[in-house]
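Me: Please take a close look at one helix in this model and how it sits against its neighbours. I'd like the packing and any enclosed space around it in one go.

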Amino acid sequence: MKIAIGNDHHGVTLKKELVDDLKKQGYEVINYGSDSEEMVDYTKYAFLVGEAVRDQKVDFGILICGSGIGMSIACNKVRNVRCARVCNVQDAFATRNDNDANVIALSGKVPFEQAKDIVHTFLTTPFEQIERYQRRVRDINQYDS
């Protein structure tokens, strides 16, 4: 499975830890993020990860910024991306199970062990193929204002 990961200056440390852990688990990880703690705009990295997901270059995306909020807003501008800001394992489960999210956004302040559990839950939870969830995801994908 291929995973895109992107971050701004707030997510450098957590990204490095997650990339190492994901590679140990056998995931292929493509780094679309900053490797410097020098200030950068998160939008660039959110769009790069979103486009990689949209273009099916990767299976899922992970974003890390100061809060996770800005990255999720920016990434959701990419068509057919469903990015959720997640704060805990329950959020990660729900966003995959109910919404078929293909990208998550985390705060760079989340402790590594917690982030590791969140990412593991996100990557291993299947989308529950029930009609109401499928209908909602279809509605989201078809909406283009």
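Reply: What follows is a tour around helix α5, partner by partner, and then the space beside it.

Quick housekeeping: this is a predicted model, where local features need pLDDT of at least 70, side-chain atom pairs count only at pLDDT 80 or more, and totals for chains, interfaces and linings use all residues. Residues are numbered from 1 along each chain as its sequence is written, and side-chain values use heavy atoms, leaving out hydrogens and water.

Helix α5 covers residues 112-124 (helices are DSSP runs of H or I, at least four residues, numbered from the N terminus). Its partner α1, residues 12-24, packs on α5 at about 50 degrees, the axes being 10 Å apart; axes are lines fitted to C-alpha atoms over the stretch in contact, and angles run from 0 to 180 degrees between N-to-C directions. That makes the pair oblique, given that under 35 degrees counts as roughly parallel, over 145 as roughly antiparallel, 65 to 115 as roughly perpendicular and the rest as oblique. The crossing of α1 and α5 is right-handed, i.e. the near helix is turned clockwise from the far one by less than a right angle. On the α1 side, L14, E17, L18, D21 and L22 make the contact, meeting F112, A115, K116, V119 and L123 of α5 (contact is heavy atoms within 4.5 Å). By class, that's 7 nonpolar, no polar and 3 charged residues; Ala, Val, Leu, Ile, Met, Phe, Trp, Tyr, Cys and Pro count as nonpolar, Asp, Glu, Lys and Arg as charged, and the others, Gly among them, as polar.

Then there's α4, residues 89-97, whose axis comes within 8 Å of α5's and crosses at roughly 15 degrees, so α4 and α5 are roughly parallel. This crossing is right-handed too. V89, A92, F93, T95 and R96 of α4 touch D117, I118, T121 and F122 of α5, with 5 nonpolar, 2 polar and 2 charged residues in the contact.

Now the space. The largest cavity is lined by L18, D21, L22, Q25, Y27, K116, V119, H120 and L123. α5 supplies the largest share of that lining, 4 residues.

Conventions. Helix = DSSP H or I, 4+ residues; strand = E, 2+ residues; numbered from the N terminus. 1 Å grid on protein atoms, 1.4 Å probe; cavity = no way out; pocket = protein on both sides within 12 Å on 5 of 7 lines; lining within 4 Å.
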